[in-house]
Amino acid sequence: VAVDFVTEDDVIDGRAKDYRLIYVTQEYVHSKCMAALQKWCEAGGTVAALCGGGMRDEFGRVNPAAAALYG
């Protein structure tokens, strides 16, 4: 199975639009990236979070956007 690595900047800049599934494997995710992932999911994308993926923001604080996105 071919795998692409998508960076936070790729997601923020909209370059993830052609993907159907993104795995978030990093605990610390920039808040702008979480907002972009939310919009991407609303457009039909699927996010799978592993290892606390995105549960902390760029400052190490609890990321409320992750809770909103993951439910």
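Contact means heavy atoms within 4.5 Å. The model used in these exercises is predicted.

**Exercise 1. Place Leu 21 and list its partners.**

Task: State which element holds Leu 21, how exposed Leu 21 is, and which residues it touches beyond four places in sequence.

Solution.
Step 1. Find the element. Leu 21 lies in strand E1.
Step 2. Check exposure. The relative accessible area of Leu 21 is 38%, so Leu 21 is partly exposed. The class runs between the 20% and 50% cut-offs.
Step 3. List contacts. Setting aside residues up to four places away, Leu 21 touches Trp 40, Thr 46 and Ala 48.
Step 4. Compare sequence and space. Leu 21 and Thr 46 are 25 residues apart in sequence, and their C-alpha atoms are 4.8 Å apart.

**Exercise 2. Look back from strand E2.**

Task: Find the residues that Ala 48 touches, leaving out those up to four places away in sequence.

Solution.
Step 1. Locate the residue. Ala 48 belongs to strand E2.
Step 2. Read its contacts. They are Leu 21, Ile 22, Tyr 23 and Val 24.
Step 3. Map the partners. Strand E1 spans 21-24.
Step 4. Add a distance. Ala 48 and Ala 36 are 12 residues apart in sequence, with 15 Å between their C-alpha atoms.

**Exercise 3. Write the element order and the overall dimensions.**

Task: Give the order of elements from the N terminus, then test the radius of gyration against that of a compact globule.

Solution.
Step 1. Count elements. There are three helices and two strands.
Step 2. Order them. The pattern is α-β-α-β-α.
Step 3. Test the radius. For 71 residues, a compact globule would have a radius of gyration near 11 Å; the protein has 11 Å, so the two agree.
Step 4. Box the C-alpha atoms. Along the principal axes, they fill roughly 30 × 25 × 20 Å.
Step 5. Check contact range. Take contacts between residues at least 6 apart in sequence: 56% of them join residues at least 24 apart.

**Exercise 4. Dissect the largest nonpolar core.**

Task: Say how many residues the largest nonpolar core has, and which have the most contacts inside it.

Solution.
Step 1. Start from the general trend. In soluble globular proteins, nonpolar side chains tend to be buried together.
Step 2. Size the core. The largest nonpolar core has 13 residues.
Step 3. Name those with the most contacts inside it. They are Val 11, Ile 22, Val 24, Met 34, Leu 37 and Trp 40.
Step 4. Assign elements. Strand E1 (21-24), helix H2 (31-42) and H3 each give two or more residues to this core. The largest share, five residues, comes from H2.
Step 5. Expand one member. Beyond four places in sequence, Trp 40 contacts Ala 16, Lys 17, Tyr 19, Arg 20, Leu 21, Ile 22, Gly 45, Thr 46 and Val 47.

**Exercise 5. Classify two residues of one loop.**

Task: Cys 51 lies in the loop between E2 and H3, and so does Asn 63. Is Cys 51 buried or exposed? Is Asn 63 buried or exposed?

Solution.
Step 1. Take Cys 51. Its relative accessible area is 69%, so Cys 51 is exposed.
Step 2. Take Asn 63. Its relative accessible area is 5%, so Asn 63 is buried.
Step 3. List the contacts of Asn 63. Beyond four places in sequence, they are Val 29, Met 34, Gly 54, Met 55, Arg 56 and Asp 57.
Step 4. Add a distance. Asn 63 and Ser 31 are 32 residues apart along the chain, and their C-alpha atoms are separated by 7.5 Å.
Step 5. Check the backbone of Cys 51. Its phi is near 55°, a positive value in a residue other than glycine. Most residues other than glycine have a negative phi.

**Exercise 6. Compare two buried helix residues.**

Task: For Asp 10 and Leu 69, give the helix and the relative accessible area,.

Solution.
Step 1. Place both. Asp 10 is in helix H1 (residues 8-12), and Leu 69 is in helix H3 (residues 64-70).
Step 2. Apply the 20% cut-off for burial. Asp 10 has 18%, so Asp 10 is buried. Leu 69 has 16%, so Leu 69 is buried.
Step 3. List contacts beyond four places in sequence. Asp 10 touches Phe 5, Arg 15 and Ala 16. Leu 69 touches Met 34, Leu 37, Gln 38 and Cys 41.
Step 4. Set burial in context. Buried residues make up 27% of the 71 residues.

Technical notes
Residues are numbered from 1 along each chain as its sequence is written. This is a predicted model: local features need pLDDT of at least 70, side-chain atom pairs count only at pLDDT 80 or more; totals for chains, interfaces and linings use all residues. Side-chain values use heavy atoms; hydrogens and water are left out. Buried means under 20% relative accessible area, exposed over 50%, partly exposed in between (1.4 Å probe, protein chains only). The radius of gyration is taken over C-alpha atoms; the globule rule is 2.2 Å times the number of residues to the power 0.38. A nonpolar core is a set of buried Ala, Val, Leu, Ile, Met, Phe, Trp, Tyr and Cys residues joined through side-chain atoms within 4.5 Å.
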